[in-house]
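Here are some short exercises to work through with the structure in view. Try each task yourself before you read the solution.

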Amino acid sequence: MATIVILGAGLGGMPMAFELRETLSKDHRIVVVSDKDYFHFVPSNPWVAIGWREPEAIKIPLQSPLSGKGVELVVGAAQKVDPGANCIELHNGDSISYDHLIIATGPRLAFEEIPGLGPDGYTQSICHIDHAIKANQKWREFVDDPGPIVVGAVQGASCFGPAYEFAFIMDRDLRKRRIRDKVPMTFVTSEPYIGHLGLGGVGDSKGMLESQLRQRHIDWVCNAKVESVGENLMTVMEVDGDGENKQRRELPFKYAMMLPAFTGIDALRDVEGLVNPRGFVVIDKHQRNPTYPNVWGIGVAVAIAPRENTPVPTGVPKTGYMIESMATAVAKNIQATLAGADPKAEATWNAVCLADMGDTGIAFVAIPQLPPRNVNWMREGKWVHVAKVAFEKYFLLKIRKGSTEPLFERYILKAFGIERLKAPS
Ligand code: FAD
């Protein structure tokens, strides 16, 4: 009997637990270790920040769905992962041993890299539900006394979609309130061009997103390095194509939200052979760490090299469906390993995304995630907004019920040519 520990119970960790339980025989123990006793659906945080969603509507207590499937839960924050000793030390002094460890701890938000950035400084965040709640308090004050908005993603960021989403959602909310005319908006991004998305663009994302920003009177600054943020002022250096300083801009704001750069969590930092210098778990094509073959990584926690050097550093996003495909691959590979075979499953890492824009939205499919691609598709339409709301309900139901990939989901995605695992070669 083996003990498999999943560290983190987010968008990756929860499907991982269910998938593993379905794949392995019941004599293997599966344990989820989470610093929170609830799951929250990160993609809905922009709606919480604007007041379109109550926080409780996107939170699910972990105990019931996990115990219902025969998965143990330990609520406690990891302080140090010790892969040499096959154990995790928790902040409360406990230690948890494992035969296999799956790291699904998502990002640490590196606000400290820019003075004044983040909820303890002067900009809001939508990365965690607690931040989104705070951002909503600030938003309610802001709409009573509106002024300029700065929104976007800083140098080193990898998650650009939610920055665009939040810009468009704020625009929609302000128009509904009939105060959009009082709010100059600027989109500030480290991307080399609008719609790059850390992916080298998808379909005509450049043209499409530029057009959407123009239609909504949102100005933009690309190749932007945020130098510092003060109480109502963001200082940004715009660089040219060679990364040389071009123009320093002082952008006043009354409300600002900037996606930060991510790193791996503290419990992983500096573990020789396990992580890269930013603390992301190094994995091979089977999602397995080469130094510690009983350690696996999924989700935002894993290291993926950027496709290209951009004038201002940008990272590659790790999106929901891609993360679920990593979980499927790990479940199959641990099953093989426990049976004494070599891991063979490889996640497809396809990017399938729905970005809400308040009343309309943009959907994209990138197969594979980085160019050149077999499928490179982006569309705009009101149906995307509807689909995103439906997807939120559907995903929360999947977590409550502990299901993995119901048959109809498999068939719908297959019809679009989207599969979780690469076909065996
Ligand atoms: P998370 O979901 O963040 O889960 C990590 C878990 O680990 C958390 O439960 C955390 O509490 C736990 N943890 C952290 N540290 C410790 C510790 N020391 N000990 C124990 N537990 C710990 N992708 C899409 O495909 N579509 C979208 O619409 C979309 N929207 C997004 C919107 C936002 C605002 C953001 C930030 C990302 C979005 N993404 C989206 C990208 C991605 O899908 C999410 O970031 C997703 O939540 C990543 O899943 P994860 O499991 O890697 O990390």
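**Exercise 1.** Find out which domains supply the shell around the ligand in this predicted model.

*Solution.* Start with the division of the protein: domain 1 covers 3-108 + 263-344, and domain 2 covers 111-260. Next, look at the shell: each of these two domains gives at least three residues to it. Then look at who comes nearest: among the 32 residues around the ligand, these are G8, G10, G12, G106 and G299. Two elements, β2 (29-34) and α7 (320-338), each give two or more residues to the shell. Finally, sort the shell by class: 19 residues are nonpolar, 11 polar and two charged.

**Exercise 2.** Describe how domain 1 and domain 2 meet.

*Solution.* First, the distance: their C-alpha centres are 29 Å apart. Second, the contacts: 19 residues of domain 1 touch 37 residues of domain 2. On the domain 1 side, helix α2 (residues 45-50) gives the largest share, with five residues. That side holds 10 nonpolar, six polar and three charged residues.

**Exercise 3.** Which strands stand at the edges of the sheet β14-β15-β16, and what does that leave them without?

*Solution.* Begin with the order: three strands make an open, antiparallel sheet, running β14-β15-β16. β14 (224-229) and β16 (245-252) are the edge strands; each has a single partner, so one side of each lacks a neighbour in the sheet. From one strand to the next, the twist averages 25°. Now zoom in on one pair: β15 (residues 233-239) joins β16 through seven bridges, in the antiparallel sense. For one of the partners, take E238, whose bridge partner in β16 is Q247.

How values were computed: Residues are numbered from 1 along each chain as its sequence is written. This is a predicted model: local features need pLDDT of at least 70, side-chain atom pairs count only at pLDDT 80 or more; totals for chains, interfaces and linings use all residues. Domain bounds come from an automatic or database domain assignment. Two residues are in contact if their C-beta atoms, placed from the backbone, lie within 7 Å. Helices (H or I, at least four residues) and strands (E, at least two) are DSSP runs, numbered from the N terminus. Ala, Val, Leu, Ile, Met, Phe, Trp, Tyr, Cys and Pro count as nonpolar, Asp, Glu, Lys and Arg as charged, and the others, Gly among them, as polar. A residue is near a molecule or strand if its C-beta atom, placed from the backbone, lies within 6 Å of it. Two strands pair if DSSP finds at least two bridges between them. Axes are lines fitted to C-alpha atoms, for helices over the stretch in contact, and angles run from 0 to 180 degrees between N-to-C directions.
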